[in-house]
Amino acid sequence: MAFSAGMAKKGILSLNIQGAAQLHQHYMPFIDNGGLFVKTNKNYQMGDEVFLILTLDDDERMPVTGKVVWLTPKGAQGSRDQGIGIQFNDNSDMDTIKTKIHSILAPYNGQDIASLTL
């Protein structure tokens, strides 16, 4: 998995998700190839490459690479949390992570918890 100088400028993000309800809030299934919303006050631009360390349910830490495809600025309408949506890169490492995400979300209907994006 390549880690470019562009990714290093912003630093490494981390996201620790506990349980299907919290995963439902962060997961962005409507993004091509899948993605995650990450709360951050760092400034990103659309298309920026990012590197994220993801932990799901106290499992091993998984490296996620992708690009910014969603921006929620500070003071967004509806008191939404500031952050970015990261679209997963299209590679086998991300396929493994998507499979794990889908297996956690499969039994969860998510209707009672609002997403952090839509």
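Here is a short note to help you find your way around this predicted model.

1. **The overall layout.** A good place to begin is the list of elements: the protein has 3 helices and 5 strands. Read from the N terminus, they come in the order α-β-α-β-β-β-β-α. The chain holds 118 residues, and 40% of them count as buried. Its accessible surface is about 6500 Å², with 49% of that belonging to carbon and sulfur atoms. Contacts also reach across the sequence: among those between residues at least 6 apart, 64% join residues at least 24 apart.

2. **The sheet.** In what order do the strands lie in the sheet? The 5 strands form an open sheet in the order E1-E3-E4-E5-E2, and the pairing is mixed. E1 and E2 stand at the edges with a single partner strand each, so one side of each has no neighbour in the sheet. From one strand to the next, the twist averages 40°.

3. **Helices on the sheet.** Two of the helices can be placed against these strands. H2 packs on the sheet and touches E1, E2 and E3, with its direction at about 140° to that of E1. H3 also packs on the sheet, where H3 touches E2, E3, E4 and E5. The direction of H3 makes about 80° with that of E4.

4. **The E3–E4 hairpin.** Strands E3 and E4 run antiparallel and are joined by 7 bridges. If you want one pair to look up, Leu-54 has Met-62 in E4 as its bridge partner. The hairpin of E3 and E4 has 4 residues between the strands, and Asp-57 takes a positive phi near 50° there.

5. **The pairings of E5.** On one hand, E4 and E5 pair in the antiparallel sense over 6 bridges. Within that pairing, Lys-67 is the bridge partner of Gln-87, and Leu-71 is matched with Ile-84. On the other hand, E2 and E5 are joined by 5 bridges and also run antiparallel. Here Phe-37 has Gly-85 as its partner in E5, while Gly-35 stands opposite Gln-87.

6. **Why E5 is worth a look.** Why is E5 described as largely enclosed by the rest of the structure? The reason is that 6 of the 6 residues of E5 are buried. In a regular strand, side chains alternate between the two faces of the sheet. In E5, Gly-83, Gly-85 and Gln-87 point one way, whereas Ile-84, Ile-86 and Phe-88 point the other way, and all are buried.

7. **Gln-87 within E5.** Gln-87 has its place in strand E5. Is this residue buried or exposed? Gln-87 has a relative accessible area of 16%, and buried means under 20%, so Gln-87 counts as buried. Leaving aside neighbours within four places in sequence, Gln-87 is in contact with Ile-31, Asp-32, Gly-34, Gly-35, Thr-65, Gly-66, Lys-67 and Val-69. Two names in that list should be familiar from the pairings above: Lys-67 is a bridge partner of Gln-87, and Gly-35 stands opposite Gln-87.

8. **The loop after E5.** Asn-91 lies in the loop between E5 and H3. Asn-91 is partly exposed, with a relative accessible area of 25%. Its side chain reaches the backbone nitrogen of Asp-93 at 3.1 Å. Asn-91 and Thr-65 are 26 residues apart in sequence, yet their C-alpha atoms are 9.5 Å apart in space.

9. **The nonpolar core.** The largest nonpolar core has 24 residues, and those touching the most other members are Leu-23, Leu-36, Leu-52, Leu-54, Leu-56, Ile-84 and Ile-101. Which elements each supply at least two residues of this core? They are E1 (13–17), H2 (19–26), E2 (35–39), E3 (49–56), E4 (61–72), E5 (83–88) and H3 (92–105). H3 gives the largest share, 5 residues. Two core members have already appeared in the strand pairings: Leu-54 with Met-62 in E4, and Ile-84 in E5 with Leu-71.

10. **Leu-23 as a guide to the core.** To see the core from one residue, try Leu-23, which is one of the members that touch the most others. Beyond neighbours within four places in sequence, Leu-23 is in contact with Ile-17, Leu-36, Leu-56, Ile-101, Ile-104 and Leu-105.

Definitions and conventions. Residues numbered from 1 in each chain as written. Predicted model: local features only at pLDDT ≥ 70, side-chain atom pairs only at ≥ 80, totals over all residues. Heavy atoms only, no water. Buried < 20%, exposed > 50% of the residue type's maximum accessible area, 1.4 Å probe, protein only. Contact = heavy atoms within 4.5 Å. Areas by Shrake-Rupley, 256 points an atom, 1.4 Å probe, with all protein chains shown as cover. Core = buried A, V, L, I, M, F, W, Y, C linked by side-chain atoms within 4.5 Å. Pairing = 2+ DSSP bridges. Polar contact = N/O pair within 3.5 Å; in protein donor to acceptor, adjacent residues only side chain to side chain. Axes fitted to C-alpha atoms, helices over the stretch in contact; angles between N-to-C directions.
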